[in-house]
Amino acid sequence: MKFTVAIDGPAAAGKGTISKAVAAEFGFAHLDTGLLYRAVGAVAADTGRDPAGVAHTLSTDDLARTDLRTAATAQEASKVAVIAEVRAALVDFQRSFAVKPGGAVLDGRDIGTVICPDADIKLYVTASPEERARRRHAELTGKGDDKPFEEVLADVKARDHRDATRDAAPMTKAADAHLIDTTNLSIDAAVAEAARWINEQLSKARA
Ligand code: CDP
């Protein structure tokens, strides 16, 4: 049986953590769709190849690159993510993943709006730009990257702007998505709220 959970939201809002926890709790497969765009951005930046061509031929080796989580790759990802042909090339893979028997969680920017508009559950996870920059800054500091807070905040805002204002599948909350604002929530509280919502929808579906 298919059961699709779509989780969208801006950078460092907590959607990755929530997605992983929900997948583990409910036994669903998990796809971090940001990695697809990160891989396309990283390969295109390295090779100078056309991003759409890279997206059409994306390989498991590209997805296993060790530099996908860097701040530089995040910016490259959001640049190639504005290209409609790049997005189109990645649709089938994401939709096939979404209907995996046993359930699937996909997190990204356009899962509830474009990739899986009929998802069984939709969540939109957000937080203030300052709080998200604080989290990303702490994460980078932990990895030995001493990028100043003000620069991290500027990066977060630049990426939000690019993601929300592009023509192709802009980042936005689906009308039927449940909003979770994690600005003042601990990780545990945010995960608990997502699980509560999913359980409530599951009970309604079974009633
Ligand atoms: O982890 P973080 O939230 O910082 O970023 P990510 O989810 O890995 O996404 C990196 C970039 O890929 C985003 O800024 C978007 O531009 C793009 N992206 C997208 O356009 N659509 C998705 N479904 C996922 C990511």
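1. How many helices and strands does the chain have? There are 10 helices and 5 strands. Keep in mind as you look around that this is a predicted model. On overall form, the radius of gyration is 17 Å, close to the 17 Å that the globule rule gives for 207 residues, so the chain is as compact as a globular protein of that length. If you want a feel for the dimensions, the C-alpha trace spans about 55 × 35 × 30 Å along its principal axes.

2. Now for the ligand. The space it takes is the largest pocket. Around the ligand you'll find 18 residues, and the closest are Arg38, Arg87, Arg136, Arg159 and Asp163. Sorted by class, this shell holds 9 charged, 5 nonpolar and 4 polar residues.

3. Which helices each supply at least two residues of that shell? Look at helix H2 (34–47), helix H5 (71–80) and helix H9 (149–165). H2 gives the most, with 3 residues.

4. A few polar contacts are worth zooming in on. Arg38 has a polar side-chain atom 2.6 Å from an oxygen atom of the ligand. In the case of Arg159, an N or O atom of the side chain is 2.7 Å from a ligand oxygen atom. Thr33 pairs with a nitrogen atom of the ligand instead: an N or O atom in the Thr33 side chain sits 2.9 Å from that nitrogen.

5. Is the ligand mostly covered or mostly open, and what are the figures? On its own, the ligand has 530 Å² of accessible area, and the protein covers 96% of that.

How values were computed:
Residues are numbered from 1 along each chain as its sequence is written. This is a predicted model: local features need pLDDT of at least 70, side-chain atom pairs count only at pLDDT 80 or more; totals for chains, interfaces and linings use all residues. Side-chain values use heavy atoms; hydrogens and water are left out. A residue is near a molecule or strand if one of its heavy atoms lies within 4 Å of it. A polar contact is a pair of N or O atoms within 3.5 Å; within protein, one must be able to donate a hydrogen and the other to accept it, and residues adjacent in sequence count only if both atoms are side-chain atoms. Accessible areas come from the Shrake-Rupley method with a 1.4 Å probe; for residues, only the protein chains shown count as cover. On a 1 Å grid over the protein atoms alone, a cavity is a set of points where a 1.4 Å probe fits but cannot get out, and a pocket is an open set with protein on both sides within 12 Å along at least five of seven lines; lining residues have an atom within 4 Å of a point. A molecule sits in a cavity or pocket if more than half of its atoms lie within 2 Å of its grid points. Helices (H or I, at least four residues) and strands (E, at least two) are DSSP runs, numbered from the N terminus. Ala, Val, Leu, Ile, Met, Phe, Trp, Tyr, Cys and Pro count as nonpolar, Asp, Glu, Lys and Arg as charged, and the others, Gly among them, as polar. The radius of gyration is taken over C-alpha atoms; the globule rule is 2.2 Å times the number of residues to the power 0.38.
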